[in-house]
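Subject: Structure handover and notes

Dear colleague,

Please find the structure below. My notes follow it.

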Amino acid sequence: MDSMRIKGGKPLTGKIHISGAKNAALPLMAASLLTDGGLTLSNVPHLADIATMANLLGQHGVSLGLNGDHKNNGHTGRVMELKAEKITSITAPYELVRKMRASIVVLGPLLARCGEAKVSLPGGCAIGTRPVDLHIKALEQLGAEVVLENGYIHARAPKGLKGTQIVFPMVTVTGTENIMMAAALAKGETTIVNAAREPEVVDLANCLVAMGAEIEGIGSDKLRITGKDKLHAAHHDVIPDRIETGTFAMAAAITNGDMELIGGKLAHLNSVARILAEAGVSMEETPQGLRVRRANGLHGVDVMTEPYPGFPTDLQAQMMALMCVAQGASMITETIFENRFMHVPELRRMGANITVHNASAMIRGVPQLTGAPVMATDLRASVSLALAGLAAQGETILNRIYHLDRGYERLEEKLAACGADIERVREAA
Ligand code: UD1
């Protein structure tokens with residue numbers, strides 16, 4: 001298994017190009033199942049999770065082409081052409097779903113297009129149990145018969161789905177996406193109340209509209225979708241990754257650097273920018289993206305994760321790494337996932353002073369972290385340890401970095417180009 005060797009203490013300066021958003025690209029790729037007309041996506045990031053989704057769609061019968069590069073602010077993202085002329089399999093097998101929970105987003109489109117879908121139940125993961133009961137219940141409300149058998153969700157709607165009102169008792173991102181896609185081909189009107197408002201949900205809605213869907217209330221917590229008999233071909237440009245942007249913003253802050261994040265969108269990071277400003281880090285818009293640097297000293301601030309537009313849970317671990325070296329104390333409360341403090345013991349091994357009580361972590365800033373061998377447990381926890389390593393004195397060896405490759409495109413190259421002393425150590429075959 002590869003690892004990452006980081007020698008900390010270098011302020012990061014320069015420009016980083018932000019890639020297309022992983023969490024937007026995955027459901028967008030699944031949306032190709034809704035039409036035989038073809039879907040072209042540009043600014044698709046080059047990531048392990050994208051390859052997993054490509055494999056999954058391939059075995060459903062989607063033909064897939066990677067067609068050259070698309071220039072976005074001078075950065076080349078890939079153009080992906082997906083065509084689901086005929087769905088050859090309605091089953092999303094365990095071997096692929098267990099690699100990536102987001103595979104669940106094929107459930108809604110397959111069911112809507114074919115009247116039947118069989119998707120392996122995603123298991124628990126490092127950050128919590130993460131059930132998909134709300135997806136299933138909402139599909140049942142749309143008229144599907146769903147049984148759980150042999151570890152699979154088997155959903156059937158031979159006469160098609162029928163629009164209705166769905167009220168989500170809690171905000172679910174992929175749940176909203178699944179139902180929005182299913183409703184796009186259902187009969188009549190579907191209303192989703194308490195819909196997720198994440199920019200990735202908005203991006204999917206905009207793409208569905210380009211494919212001929214009728215959706216009102218995009219960007220709000222109430223979506224009204226009028227089903228169509230058929231959707232058609234479309235081209236869509238994936239939004240920049242706000243989590244990657246936020247991660248690099250924290251890299252600039254933790255190393256006392258000065259970075260421009262090309263393509264980064266402040267509009268998608270308002271809550272993060274507000275918290276960072278309170279902590280003493282400025283995030284200003286530039287003609288090409290965002291400039292991030294410390295305005296003055298770094299101070300401890302309190303943070304609570306919330307559904308969008310609140311502070312994203314996917315930046316909680318990175319924020320904690322930053323708070324480890326701030327002056328004063330910080331309280332970070334995680335409200336989305338029950339077990340998302342797996343980075344805490346590893347940060348402690350680097351000298352951080354953190355105590356956890358239930359869903360809150362109290363971080364007392366220390367003047368200096370020290371490098372250590374550490375182990376990554378999930379995607380965002382891994383990158384928080386990389387950030388801590390960039391600020392620490394001495395050498396940090398980050399193990400199990402396959403998590404990083406799932407969600408960060410060429411992380412070490414992008415950081416090294418800004419002056420970080422970081423390298424991938426390939427395990428001898
Ligand atoms: C998506 C993101 C993930 C992010 C998360 C929260 C993708 C591919 N992944 O995950 O990076 O961390 O949003 O912003 O976009 N829940 C239920 N039952 C359900 C569905 C969800 O109880 O049927 C709970 C979850 O366990 C969790 C909360 O609802 O506690 C929010 O989860 P959800 O928004 O669904 O997360 P994902 O869509 O899986």
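How many aromatic pairs does the structure hold? The count is zero, where rings of Phe, Tyr and Trp (its six-membered ring) pair if their centres lie within 6.5 Å.

This is a predicted model, in which local features need pLDDT of at least 70 and side-chain atom pairs count only at pLDDT 80 or more, while totals for chains, interfaces and linings use all residues. Residues are numbered from 1 along each chain as its sequence is written, and side-chain values use heavy atoms, with hydrogens and water left out.

Salt bridges

A salt bridge here is a side-chain nitrogen of Lys or Arg within 4 Å of a carboxyl oxygen of Asp or Glu. By this rule there are 22 salt bridges. Helices (H or I, at least four residues) and strands (E, at least two) are DSSP runs, numbered from the N terminus. For accessibility, buried means under 20% relative accessible area, exposed over 50%, and partly exposed in between (1.4 Å probe, protein chains only).

One salt bridge joins the side chains of Arg5 and Glu423, at 2.5 Å from N to O. That pair links distant parts of the chain, with Arg5 in strand β1 (residues 3–7) and Glu423 in strand β24 (residues 421–425), 418 residues apart. Arg5 is partly exposed at 29% relative accessibility, and Glu423 is partly exposed at 38%.

Glu260 forms a salt bridge with Lys15, and the closest N and O atoms are 3.0 Å apart. This pair also links distant parts of the chain: Glu260 belongs to strand β15 and Lys15 to strand β2 (residues 13–17), 245 residues apart. Glu260 is buried, with a relative accessible area of 15%.

Glu189 and Arg224 meet through their side chains in a salt bridge of 3.4 Å, N to O. Here Glu189 lies in strand β11 (residues 189–193) and Arg224 in strand β13 (residues 222–226), 35 residues apart. Glu189 has a relative accessible area of 42% and is partly exposed; Arg224, at 31%, is partly exposed.

Asp2, Asp405, Glu412, Arg424 and Arg426 are linked in a network of salt bridges.

A charge over a ring

The charged end of Lys118 sits over the ring of Tyr152, 5.6 Å from its centre. The rule asks for NZ of Lys or CZ of Arg within 6 Å of the ring centre and within 35 degrees of the ring normal.

Helices and strands

Helix α1 (residues 22–31) has nine of its ten residues buried, so it is largely enclosed by the rest of the structure. Its buried residues include Lys22, Pro27 and Met29.

In helix α5 (residues 133–141), Leu134, His135, Ile136, Ala138 and Leu139 are buried. Their cover includes α4 (107–114), β8 (145–149), β9 (152–156), β10 (165–167) and α6 (173–184), contact meaning heavy atoms within 4.5 Å. Gly143 follows α5 and has a positive phi, near 105°.

Strand β14 (residues 234–237) has alternating side chains: Ala234 and His236 point to one face and are buried, whereas His235 and Asp237 point to the other and are not. Strand β3 (residues 39–44) pairs with β14 in the parallel sense over four bridges; two strands pair if DSSP finds at least two bridges between them. Asp237 of β14 is the bridge partner of Ser42.

Three loop residues

Thr255 is in the loop between α8 (242–254) and β15 (258–262). Thr255 is buried at 9% relative accessibility. Not counting residues up to four places away in sequence, Thr255 touches Lys10, Pro11, Leu12 and Leu390. The Thr255 side chain also reaches the backbone nitrogen of Leu12 at 3.1 Å.

Glu334 is in the loop between β19 (329–333) and α11 (343–349), and is buried at 5% relative accessibility. A polar contact of 3.0 Å joins the side chains of Glu334 and Thr313. Such a contact is a pair of N or O atoms within 3.5 Å; within protein, one must be able to donate a hydrogen and the other to accept it, and residues adjacent in sequence count only if both atoms are side-chain atoms. The Glu334 side chain reaches the backbone nitrogen of Ile336 at 2.9 Å.

Thr164 is in the loop between β9 and β10 and is partly exposed, with a relative accessible area of 28%. The C-alpha atoms of Thr164 and Val281 are separated by 46 Å, with their positions 117 residues apart along the chain.

Regards

Terms used
Phe/Tyr/Trp six-rings, centres within 6.5 Å; stacked < 30°, edge-to-face > 60°.
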